[in-house]
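Biologist: Could you take me through the ligand site and the aromatic pairs of this model, one question at a time?

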Amino acid sequence: MLDKPPAAIDQTLLARFAAIVGEKYAITDPAMQAPYVVEMRDMFPGHTPMVLRPATVAEVADILKLANATATPIVPQGGNTGLVGGQTPLNNEIVLSLNRLDRIREVDPVSNTMTCEAGVTLQRAREAAAAVNRLYPQLLPSEGTCTIGGNLSTNAGGTAAIAYGVSRSHVLGIEVVLADGRILKDLNKLKKDNTGYDLKNLFIGAEGTLGVITAAVLRLVPRPRSIETAFVGLPSPAAALALLTLVADAAGGNVTSYELMTRSALELALRHAAGCRDPLAAPHPWYVLIELSSQAKSGPRDVIEDLLAQGLKRGLVADATIADSLDQAKMFWRIREMLGEAQRHAGGSIKHDVSVPVAAVPEFLKEADAAATGLIPGARPMPFGHLGDGNIHYNVIQPEGADKAEFLKRWDDMNAAIFAVVKKYGGSISAEHGVGALKRDLLPSVKDPVSFELMKSLKRMLDPKNILNPGKMLAP
Ligand SMILES: Cc1cc2nc3c(=O)[nH]c(=O)nc-3n(C[C@H](O)[C@H](O)[C@H](O)COP(=O)(O)OP(=O)(O)OC[C@H]3O[C@@H](n4cnc5c(N)ncnc54)[C@H](O)[C@@H]3O)c2cc1C
């Protein structure tokens with residue numbers, strides 16, 4: 001998506017930017033830039049004159065001061081795992097990579113907080129919490145690469161949001177460099193602080209359009225002493241939903257994951273992802289992966305066994321297995337985590353990261369399937385995702401033997417058909433991945449006009465020269 005022809009940035013100005021971080025960390029060699037300008041789906045090829053890799057907050061502030069003074073556009077970037085093109089320089093912007101800003105400044109197991117810089121990977125943050133017997137309860141399949149700054153900027157969801165919420169729920173305080181280089185220091189460790197507007201939440205989910213997050217105080221929780229993981233075969237999404245109600249009534253906040261998938265998606269993972277085996281003896285049209293966690297040492301084994309027995313009796317469960325070892329639980333999770341990747345092998349896939357009220361998921365799926373196959377006969381819907389949050393990755397795979405490029409040309413038509421169903425159920429066209437470049441032009445049609453106007457006013461106020469990720473989320 002090019003909003004305007006790439007503007008060349010003057011060499012003298014580039015040298016001034018490079019001087020802030022040092023030549024070694026101002027990358028101009030196209031081969032070395034490659035990991036920063038292409039994202040994993042290869043949907044948004046980018047181009048940049050320079051990738052800047054500051055190591056301190058002061059360097060980030062100096063970069064933004066100079067960018068603001070010279071009206072030079074900047075794209076903040078964390079782990080480059082975003083799925084909506086938000087982190088890619090689509091109009092020849094400078095990339096500001098935060099991945100050297102990677103100190104864990106403090107872990108405080110008594111206050112249950114951890115202060116991390118933006119470039120700390122989610123995996124490292126979780127390991128640091130585990131080292132003091134605490135849990136940082138954000139769980140994404142991209143955890144080895146994605147960063148705390150990127151998670152907060154996208155308000156990431158993931159597979160534990162049913163119990164612990166999305167990124168926003170994990171943040172107590174934040175440090176942000178504003179467009180003009182001022183540093184907003186609100187590294188608050190307090191749960192209770194009613195001293196005015198909650199500014200941190202402006203920057204969480206802003207996708208780098210309002211400021212550059214440099215650090216955050218994250219909330220930790222006690223580490224569960226026992227976890228039970230079950231893989232359940234079911235006849236339908238309606239049965240999966242009814243089982244969720246049973247499970248939630250019995251286990252409440254101990255339900256830490258509830259993930260839905262189709263047989264067709266499972267088969268692709270079995271075929272294409274090493275180490276995956278079918279957990280159940282016979283095939284079933286739908287599956288859920290359930291995880292219950294508990295502080296009790298003996299664990300929620302009895303609870304899950306009882307729930308599955310009740311589910312069987314009521315015809316909600318066709319078959320189920322509970323992991324007997326950590327390795328088996330990991331294998332169940334590997335199937336879930338490989339679903340997106342495995343779908344690549346089936347050809348073109350038109351993707352939708354949507355949410356509807358949890359109770360509406362079965363009807364949504366039925367109508368979305370009808371809309372998808374009505375538009376392209378033979379198209380293969382392969383939805384999966386976070387049923388417990390009403391968040392479905394509604395992917396539609398090309399018909400068997402169809403031409404991939406021709407199928408992908410129908411991306412916008414397919415989106416329109418599926419989003420119409422989402423709208424009918426009062427859902428969201430972007431549940432957890434954000435808006436970025438991919439959904440920017442759809443935003444005016446789905447946001448309340450007053451909210452949308454306020455968003456634009458905030459952008460003008462905080463970034464009057466439009467240097468921060470211009471053209472992402474909001475049109476320039
Ligand atoms: C295999 C896979 C599985 C995934 N699963 C999930 C999932 O279950 N749930 C989910 O929500 N997402 C998921 N994602 C998407 C992605 O991992 C998340 O959006 C993640 O939060 C992005 O983090 P990142 O560090 O890679 O950010 P990037 O991709 O680098 O950036 C994302 C956005 O944040 C901005 N940004 C990055 N860092 C900063 C900063 N410090 N300050 C200001 N702005 C910044 C960028 O400009 C961009 O707009 C998945 C991705 C992959 C590849």
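Modeller: A polar contact here is a pair of N or O atoms within 3.5 Å, and the model to which this is applied is a predicted one.

Biologist: Which residue has a side-chain N or O atom 3.1 Å from a nitrogen atom of the ligand?

Modeller: The cut-off for such a contact is 3.5 Å, and the distance of 3.1 Å falls within it. The side chain that supplies the N or O atom facing this ligand nitrogen is that of Glu432.

Biologist: How much of the ligand's area does the protein bury?

Modeller: Taken alone, the ligand exposes 970 Å². Of that area, the share buried by the protein is 93%.

Biologist: Which element gives the largest share of the shell around the ligand?

Modeller: The elements that contribute two or more residues to the shell are strand 3 (74-77), strand 10 (212-219) and helix 5 (148-154). The largest share amounts to five residues, and the element that provides them is helix 5.

Biologist: Turning to the rings, is the pair of Phe364 and Tyr394 stacked, tilted or edge-to-face?

Modeller: The two ring centres lie 5.8 Å apart, and Phe364 and Tyr394 are both buried at 0% relative accessibility. Planes over 60 degrees apart count as edge-to-face. Because the planes of these two rings stand at 75°, the pair is edge-to-face.

Biologist: Over the ring of which residue does the charged end of Arg100 sit?

Modeller: The charged end of Arg100 is 3.3 Å from the centre of the ring in question. The residue that carries this ring is Tyr25.

Technical notes. Residues numbered from 1 in each chain as written. Predicted model: local features only at pLDDT ≥ 70, side-chain atom pairs only at ≥ 80, totals over all residues. Heavy atoms only, no water. Polar contact = N/O pair within 3.5 Å; in protein donor to acceptor, adjacent residues only side chain to side chain. Areas by Shrake-Rupley, 256 points an atom, 1.4 Å probe, with all protein chains shown as cover. Helix = DSSP H or I, 4+ residues; strand = E, 2+ residues; numbered from the N terminus. Phe/Tyr/Trp six-rings, centres within 6.5 Å; stacked < 30°, edge-to-face > 60°. Buried < 20%, exposed > 50% of the residue type's maximum accessible area, 1.4 Å probe, protein only. Lys NZ or Arg CZ within 6 Å of the ring centre and 35° of its normal.
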